[in-house]
Every structure is written in structure tokens, then in C-alpha cells.
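Dear colleague,

Please find below the structure that I am handing over to you. My findings follow it.

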Amino acid sequence: MLTACLNTGRGSHPNASGMPVHSELDSSPPSSQIPLLTYGEESSEIFADHHALIVPPFIGHGNRIHPMPYTDPSVPLQPRPMVPKKDITVYGYGSVAWKDRMEEWKKRQNDKLQVVKHEGGNDGGNFDSAELDDADLPMMDEGRQPLSRKLPIPSSKINPYRMIIILRLAILGLFFHYRLLHPVRDAYGLWLTSVICEIWFAVSWILDQFPKWYPIERETYLDRLSLRYEKEGKPSELASIDIFVSTVDPMKEPPLITANTVLSILAVDYPVDKVACYVSDDGAAMLTFEALSETSEFARKWVPFCKKFKIEPRTPEWYFSQKIDYLKHKVHPAFVRERRAIKREYEEFKIRINGLVATAQKVPEDGWTMQDGTPWPGNSVRDHPGMIQVFLGHSGVRDVEGNELPRLVYVSREKRPGFEHHKKAGAMNALIRVSAVLSNAPYLLNVDCDHYINNSKALREAMCFMMDPTSGKKVCYVQFPQRFDGIDRHDRYSNRNVVFFDINMKGLDGIQGPIYVGTGCVFRRQALYGYDAPVTKKPPGKTCNCLPKWCCCLFCCSRKNKKTKQKEKTKKFKQREASKQIHALENIEEGISESNSQMSSKVSQIKLEKKFGQSPVFVASALLENGGVPQNASPASLLREAIQVISCGYEDKTEWGKEVGWIYGSVTEDILTGFKMHCHGWRSVYCIPKRPAFKGSAPINLSDRLHQVLRWALGSVEIFLSRHCPIWYGYGGGLKWLERFSYINSVVYPWTSIPLLVYCTLPAICLLTGKFIVPEISNYASLVFMALFISIAATGILEMQWGGVGIDDWWRNEQFWVIGGVSSHLFALFQGLLKVLAGVSTSFTVTSKAADDGEFSELYLFKWTSLLIPPTTLLIINVVGVVVGISDAINNGYDSWGPLFGRLFFAFWVIIHLYPFLKGLLGKQDRMPTIILVWSILLASILTLMWVRINPFVSRDGPVLEVCGLNCDG
């Protein structure tokens, strides 16, 4: 109908119906000379400057702003008069002017979005109203479609998984019903201890399981991102990104690794004027400074080579060490020659870096001096000024082909005695402020110095979520999974952490987003500044269709009457108050109002300075949502301001580390920072590209791995004992309940070490004492136990299915959960309690004992640490318990074997889970595999006991005594 076209018209006239108002119709005299339009069609006799519309008579009875009297069909309709001064678009879609406006609009859209023009309106002005009003019209262009989409897990995989979870809950209820109602009278202490441990395990399972209720995957469309924000012949409209790389000690974090990470950043597939790399040297080491200087020089050759031949990965160390056919898909004739040349350049670069490292081994007595003879400012690690050096990005420094390079900035914040510097979190906050002053990109990426960019399009992957016009505004960060190089094929100590990154994080992505894991994460700068997420407007209320219309009308009318009465009361009260205020304001002079506005601006400025610090440049940059720096500011003035914002006293009496930036109070600042953002209503996104975005290195030997887990667990204990604990913090904000479950689990898991240690000790106690934690099992109990074990196995199998995780990775994760739980988590718990409650800081030393130079030699490196004591003790007592239990059954006969099987199963469960720890403890066995050695010792002990029991050389009636002929009585 024509009314539908008018009511949804795209004209700019304020009248909602699309019809001209009555006063405007009467303002011009009628003219019978104006030709008419038939219903929705143009006549060929109509001139371009004279048009009108015929309103069909059957719409006169509808809802109209100006009622139209009934007209007889036999009487010809009078034409609507035209107003020459009035915008002709108000007369509907049938006008030629509207056609011209539509064509002009399409032309602007094509120029702006670089999309294909729609065909239509070329047949003499015959516009189809349904086509024009189609809601999917903007979606027909590739550049306008969403930049990403969710891929829900198929119902064939997720629905059985959810059913098993509910079934497992019911089985747990039956299990605890049986356990509580059937105590073991002769071993009441063992029974009670085991029940308490099992209840704790059930609660921790619920906290871990239900955040995986809505797992999703995501898909990005990089071609649509280019269509939308990159147009030929015009500057790129992609947002700028500041990239942070953090390092401390170049002796523990080799400069060559940091250099490779920086080179992968500088060669990333992103507009060079949109990328700035900031390297934080928190150890103020001259070695790091000199290595970056060498890196910036080599980057002038490496970056153009990467972009010319589109190689992956763009870190030279790993690119040249790949065992693949590097000529695959390469067609450029100069590729082999240039690859050989750049490889030689890289080898010479490595020699120079190694020479710097060798020189730095012995520090001069007077400290290091720079090339101009002045002493290096960072000779004292704990007492030095702030340092900033721009290596690349300033005028005159280009690559060997004359192209611009991304900005590379060295930053070492000021450190003085008596100030708390907050370790990595403080260094990251210093980088936030420096980057805000120098480049102020709206987005930030932070990586560890050993995590290089493995996928050159990683930044574009993140921008598909951040710059999506429909859903990007509420995204605070995009987290990428951590992938690692240099780990053995079996991944003995679960270094890859595949279960967490491919199962748990996918589950969180379906709720409010993944937690922040400390590296490989692209942030929105505004979210780091402590701002709340933008509030989405609620859709208008809808009437229900489940009740008859008259019921809905009654309910709606009663609600509307109540609301209108309340509104009228509040309106009258506000009018009275407003009138009083108006009369009062009439007596105030204009100068006073101006001073009030100045005072309010001063108050807001004071609040901003209390929040962000005393730097006016930084405060001004914090208010810019889309980033950017003043065009008229000189680089020298910006550098002076940047030095100020990294002074050690800048954060005093501000909200840095409390509400702004990386949050202080824990060694795992990553969990705390992401938690605060989610409490502000933001959501995060988990992005898993087909080619891993980032890759890093992980400690693969047992001792280093345990110490890494110890640091993570210690951070969780610190958060648990702080005011930011998710059990009691953040209510009333934007944190969803299942997301809160995940955060609670992330800070509670170290406490599981106590019941886990006790539970792993129970099998040995049962075997040594002959008691058990379960009474004589009935048929009902057997069914409940079997159902519980089957549900546990089914849950794991279905998780592996929808998460794409192999059974090896899943089993290694289960094993290391026990190993880490009885060692690192336990020590972290006591260390955290001593640190928070008593203020006592403890540390555990690691000493190397033996190593070799073979492949994965670090895997077999044995380092003694006190973390090895609890698992070793558990292994010994359980093996002894198995030996004693079997020997006791042999001595007592056939009837004792039945009860023994339950105890043996319990003990073998502990031994199998601790088996990787045993392999790490024994080190590399060149001649005999570890499993053979262990079973040999175990079987030898059992056979020895059996030999003692059934010695064939001893008669069953006792030994035969012969008369020796000697008189012993004498």
C-alpha cells in the first residue's frame, strides 16, 4: 500500500506519517494545471518540476493525522497542491527528486564503502516500494556485512554434553546420599576425611563445569574488513595499534629472543603508520638497549623482504629453522637470491647480538659507558632516571627500499629507592602513559618478549571484532590462545595447556568472554582507563500473544494509568521546583553564571587529575575515544611529557593500579585486570585463527614448570585474600553469574591442594592398616559408583569432541592437575598466607644438577627444588602400600583378595597420575625406559615376598633338625 511507503519514508521531514501538515497544504492555492500521478506510477507527460500524488480512496478510513472526508468514486479526485518552496521529497517515493536523491545516496555509499552499486530505478522511475523498504538492503554489499560471526557448537555435540552434566549432578546427589548414610564404623576418621574431600571436589567441579555450558567458536572475515576500511587511492581507515613488549633481565630473557619478537611486530601486515612498538626494559640494561639498536638496523632489510614475498612467520629465527619446502607457492624469480642474502644478514646479526651478550657477562667496575663517553643511566638497576629512545618512526629513517617503517620506542621507567614499582603491572602502566603521549592509539596489544607474532594478519583478526560497527563498542579486549614452540611431542607436563585454551576459554566466550591470560591480547584503551562499557538501549516492550487481546488491553491500560499518574505527579513537582529555580536564577547576574561554569570545569579537571595524574597532555589524551595526538605538538615537547609520566612518583594519589590500567595487588595481574573490566560491563572475545596468531616458549623441564605454576597459584591466593576476590567483589555491576563462577574457580583452585594431598594419602593408609573408606559395597552402591565413573568419562569424551582436543592432551592435563596440585599449589597456598597475613616473603631456589646437549635436553634437566618433596613422598608411600597390601593378602589367603582390589585401585589411581613426575624425577634413561624400571622394582618386591611365603626348601612341618654329634649342654 502507498501508506506503508509514506510511513516508512526516508525523507528528512519531521512528520512521522510522511504526509505534509494541514497548514502547509492550505498555504498555497490549488491549481488544476498540475498533472497527476496514477497510483504509484509516473506519467510520461509530467515535467520534472511538477509532480503530485493521488491518494486512493480506500485509505481514507485509516488512521490519519488530518482526516479526509469520504469521496464518491464517481467524483474525480482533486489534486494535492504543490508548495514550490517545500522540499519535494515529502511527497513520497514516486517523485523524480526522490529518485535523484536515492541515486546520489547510492553514489556516496559506493564511494565511502567501495561496494557494488545496486541496479534499480532505471526504468523510467518505476521504483518498487518493497525493494526500497527491504531491511536486508544494506546487507547486500560485502563491505557492509558483519566482520565476524559466532559459530555455535553443533547441537549433536552440545546437547548430549549438557544432558551428561545434568545426569552427573543427579548421580553425585545419589553418591553423597549413600556416602553420608553409610559411614564406616571401624574407620570413622578415614571415612569422614574422605567425604569432606569429595564434597570439596564436587564443588570445585561445579565451578569449573558450568562456565562451559555455552561454548562457541568465532569466524572472522578479513576481506570485509579491507572493503570497509581500506579503499584504493585513499589512506587506510584502520585504527592505530600500540604494541607493548615487556622484558626485565636480558640474562634470563635472551636479547635474541626479544629481537625476534620485535622484528615480527615491525613486519606485521598492517599499515606502517598505524603501528607503534614500545619495548619496556624494566631492568634498565644497556645490553637490551644495544640489542634494540642492532634490531632497528636489521629491520630496515628484514621488513621489506617479509612484505615483498609475504613469508610466514615473520620472525627470522623460526622462519629459517622451518623444516619445510620454502619454495612452495613462491614464483618471484628473485626470491631465492634475496632469501640467501637476508639469511646471511641475519646470521651476521646473530653474531653481533651474541657478541653483545658475551661482552655483558663481565660488568666493568665503573659501570657501562655509552659511545659518547657518558655513563649509562641504568648502571644502578634500582636507582636510575627514566629513559626513552625512539629508534624508528622519526623522519629520515626508512627501510632499504625507501619505505616508511613502524615506530620503535625503547622505554625504561624511573626507579628510586623507597618507591613501590609493582613489577610487570607497573611497567605496563608506564607504557600506557608513554604511548598515550607519543601516539595514543585507541587499541593496545601486549606480548611477552618471548611471544612473537606467528600470523602477520593477527592485528586484522582482532580489528574484525574491535571495529565491527554492530558489536565492537562493548568489546574490551580480544584474547588469542597461547601456542608454544620447542615442546616435545608427548608434552609430558602439559605445557601446551590445550584443555584450558581449547575447552574452558571457548566456554567462557559464550558467556561474557575469556579471561585475560597476560599476553597475546588486544585491548581497547578506554576500557583500560576504567570507563564503564557503553549501555545498550533496551528494545521497546512487546505485547504478549499468549492471552486474548482484551486481557492484554486491561493489563496494559491499568499499568499505563498507574505510570501516567506517577509521571504527572513527578512532573508537577518538577515544574514547581523548576519555577522556583527560575525565579531564583533571574536574580543572579550573568557574571556569576560564567564563574560557575568555570568552577565546574575546574572541578572536573581536578577529578581527572586525581584519576589519571598531573600530566595535562595525558589527561587530554584519555578523553579522546578514537585516540590521536595534537597536530601542532612538537616531538621534543611530547618526549619531555613522556619522561614526566614515567617518573616513579607519578602514580601517587591517583587511581593507577586501583581502577586504571593494569591492577596491582597480585603477581598475576592479568586475571585481576580482566576481572575489573568485566565488572564494568565490558565483554571480551576469544579469537582462534586457523594459523596461530602468537607463539612463544615454555619451560619444559619439571622444576621450571612447577615454579611457573607456583607463581600463577600464588597470584590466585593473593587475589582470594584481597578485596577484589570475585566471591564478594563486583556485585551490582555487569559481571554475569557464570562468568563469576569462572573467576571464583580461578582463585579458589589452589585451596584444592589440601584435600587433594589428603585424598592421595588415603590409599596408602588403607593398604597399611587394612581399613577402607567405604563399607562393604552393596549392589546399589556398585551401580552408583559405576554410574559416577561412566559419567566422568563421558563428560571428558564429549568435551574432547566439541573442543577438538586429543585424548593424549586431555590425559596429560589430568595428570598434571594432580602433580601441580600436591606440589606447586600447596606451596603457593602457604606462601600466600604467610605473605598476606604475616607479611613474610619466601622464595624457592632452583639449582641445576645435570644436563646434556641432545634434542629437548632441557626436558631431562634435573633441578632440585623443595617443590619435589610432596609428590615424591606420595609416590613412595603408595608404592610401599601396594607392596604391603599384596604381601598381606598372600599371607592371609584367598579371602583377603576381594577387599584388597578396591584399595589397590585407589593406590594405582594415584601412582598413574604421578607417573610423569616420576619420569622427570628419574631423568633420562639411555638404556632402560622408566616404565620398565618402575615395574621391575615393583614386581621384584612382590615376588620376593611371595618367595618368602612359599619357599620350597622349607618343609611345611618346620625345619628338619639333624643331630650334629656335639654336646651343646656341656
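In this predicted model, the contact between helices H23 and H26 brings Ser753, Ile754 and Leu757 of H23 against His825, Leu826 and Leu829 of H26. Four of the residues in this contact are nonpolar and two are polar, while none is charged. H23 spans residues 753-769 and H26 spans residues 824-838; their axes come within 9 Å and cross at roughly 135 degrees. The two helices are therefore oblique to each other, and their crossing is left-handed.

A second helix pair is formed by H8 (residues 255-266) and H11 (residues 335-360), with axes that come within 10 Å and cross at roughly 140 degrees. An angle over 145 degrees would count as roughly antiparallel, so H8 is oblique to H11 at this crossing. From H8, the residues Pro255, Leu256, Ala259 and Asn260 take part, and they meet Tyr346, Phe349, Lys350, Ile353 and Val357 of H11. By class, seven residues of this contact are nonpolar, one is polar and one is charged.

As to the interior, the largest nonpolar core comprises 72 residues, and Leu706, Tyr759, Ile773, Val882 and Leu914 have the most contacts inside it. Helix H5 (residues 155-181) supplies the largest share of this core, nine residues. Another core, of 68 residues, lies apart from it and includes Leu225, Ala259, Leu263 and Ile311. Ala259 of this second core is also one of the H8 residues that meet H11.

Three local backbone features deserve your attention. Most residues other than glycine have a negative phi, and most peptide bonds are trans.

- Glutamate 312 and proline 313 are joined by a cis peptide bond, with omega at about -10 degrees. Proline 313 belongs to the loop between helix H9 (286-309) and helix H10 (316-320).
- Histidine 422 has a positive phi, near 60 degrees, and lies in the loop between strand S6 (407-412) and helix H12 (423-438). Its relative accessibility is 29%, so histidine 422 counts as partly exposed.
- Serine 494 also has a positive phi, near 55 degrees; its place is the loop between strand S10 (483-485) and helix H14 (498-509). With 4% relative accessibility, serine 494 counts as buried.

For the protein as a whole, the secondary structure comes to 30 helices and 15 strands. Of the 970 residues, 46% are buried. Among contacts between residues at least 6 apart in sequence, 79% join residues at least 24 apart.

With kind regards

Note on methods:
Residues are numbered from 1 along each chain as its sequence is written. This is a predicted model: local features need pLDDT of at least 70, side-chain atom pairs count only at pLDDT 80 or more; totals for chains, interfaces and linings use all residues. Side-chain values use heavy atoms; hydrogens and water are left out. A nonpolar core is a set of buried Ala, Val, Leu, Ile, Met, Phe, Trp, Tyr and Cys residues joined through side-chain atoms within 4.5 Å. Buried means under 20% relative accessible area, exposed over 50%, partly exposed in between (1.4 Å probe, protein chains only). Helices (H or I, at least four residues) and strands (E, at least two) are DSSP runs, numbered from the N terminus. Axes are lines fitted to C-alpha atoms, for helices over the stretch in contact, and angles run from 0 to 180 degrees between N-to-C directions. Angles under 35 degrees count as roughly parallel, over 145 as roughly antiparallel, 65 to 115 as roughly perpendicular and the rest as oblique. A crossing is left-handed if the near helix is turned anticlockwise from the far one by less than a right angle, and right-handed if clockwise. Contact means heavy atoms within 4.5 Å. Ala, Val, Leu, Ile, Met, Phe, Trp, Tyr, Cys and Pro count as nonpolar, Asp, Glu, Lys and Arg as charged, and the others, Gly among them, as polar.
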